[in-house]
Amino acid sequence: MTAWLGSRGTGQAGRPTWWAAWAVRSASLPLPSEHRWRYRQEFLAELYGMTTSQQLHHATGVLSRVWTLRVALAEPARLMAKEDAMAKSWRCRVRLHRWQRLRNPEGGWYRECLECGKQDDTGSRGGPNTFGSP
Amino acid sequence: MEQQRTPRMTIPTQLVLRALLADPTQELYGVEIGAAAGLPSGTVHPILARLETVGWLTSRWEEIDPRAEGRPARRYYRLTPDGMELARTALARAYSTSGRPAWLRPLGEEP
């Protein structure tokens, strides 16, 4: 009987209980399909060696944060772009750049922001993007 | 000029990086990282995913025989060489802001 219960995963000998295994498998379902298998295996492997109460705590934590993980996996580019934008100074975000006037190899003038590096060649002859052009 | 992408340096992210930098050569799996960082379950994996996306972390499956061990392979995480440098720099920048608490100071820094 004990062996049968153990094989069904009742938390004996550090094996995951059936409900903890079910919970972490369910937690992987909202994840992007290319990551689903990996995280299902990862969450399941982490349950081994835990006590029943630790499994409950772990499974609850994984379930409650699965949406955060989904966002982190599905939209890293959007998050990074947002971070880059927030890293700019407030002046650059409201387009009050601190322009510095520079000359390119062709003799034309252009300007570059000292803070964010934005370049502007409007109205100049031979801007920064015309290096090497005929 | 391409700017190096940096993850959001939230306090949990700083704690995870600090835990990984405690011994950068050691590989840890998710629960171990959470325990070392003092973070609850579920908080660590989104942070690890972001750090892996920007290349600060690398991960691999544990090489074991699941039948012999009686459990499936775990996923182990480790800082990349670039990630170590960038993490130290990012943490130093984060700590340099005013009002940093003692438990968030860089490793080895005296109060």
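Colleague: What backbone feature does Gly55(B) take just after α3(B)?

Modeller: In this predicted model, Gly55(B) takes a positive phi of about 85°, and its place is just after α3(B).

Colleague: Why is helix α3 of chain B called largely enclosed by the rest of the structure?

Modeller: A residue is called buried if 20 or more other C-beta atoms lie within 10 Å of its own. In α3(B), residues 44-53, 8 of the 10 residues are buried, so the helix is largely enclosed by the rest of the structure. Among the buried residues are Val44(B), His45(B), Pro46(B) and Arg50(B).

Colleague: What makes β1 and β2 of chain B edge strands?

Modeller: The open sheet has 3 strands in the order β1-β3-β2 (chain B), with antiparallel pairing. Both β1 (28-29) and β2 (57-61) pair on one side only, and these are the edge strands.

Colleague: How do you know that β1(B) and β3(B) pair?

Modeller: Two strands pair if at least two bridges are found between them. Strand β1(B) is joined to β3 (residues 75-79) of chain B by 2 bridges, so the criterion is met. The two strands run antiparallel, and Leu28(B) has Tyr77(B) as its bridge partner in β3(B).

Colleague: What confidence does the predictor give to chain B and to the complex?

Modeller: Chain B averages a pLDDT of 84, with 81% of the residues scoring at least 70. For the complex, the ipTM is 0.80 and the pTM is 0.66.

Colleague: Which elements make up the secondary structure of chain A?

Modeller: Chain A has 7 helices and 3 strands, which run α-α-α-α-α-α-α-β-β-β from the N terminus on. Of the 134 residues in chain A, 20% are buried.

Definitions and conventions. Residues numbered from 1 in each chain as written. Chains lettered and ligands numbered in written order. Predicted model: local features only at pLDDT ≥ 70, side-chain atom pairs only at ≥ 80, totals over all residues. Buried ≥ 20, exposed ≤ 12 C-beta atoms within 10 Å, placed from the backbone. Helix = DSSP H or I, 4+ residues; strand = E, 2+ residues; numbered from the N terminus. pLDDT = per-residue confidence, 0-100.
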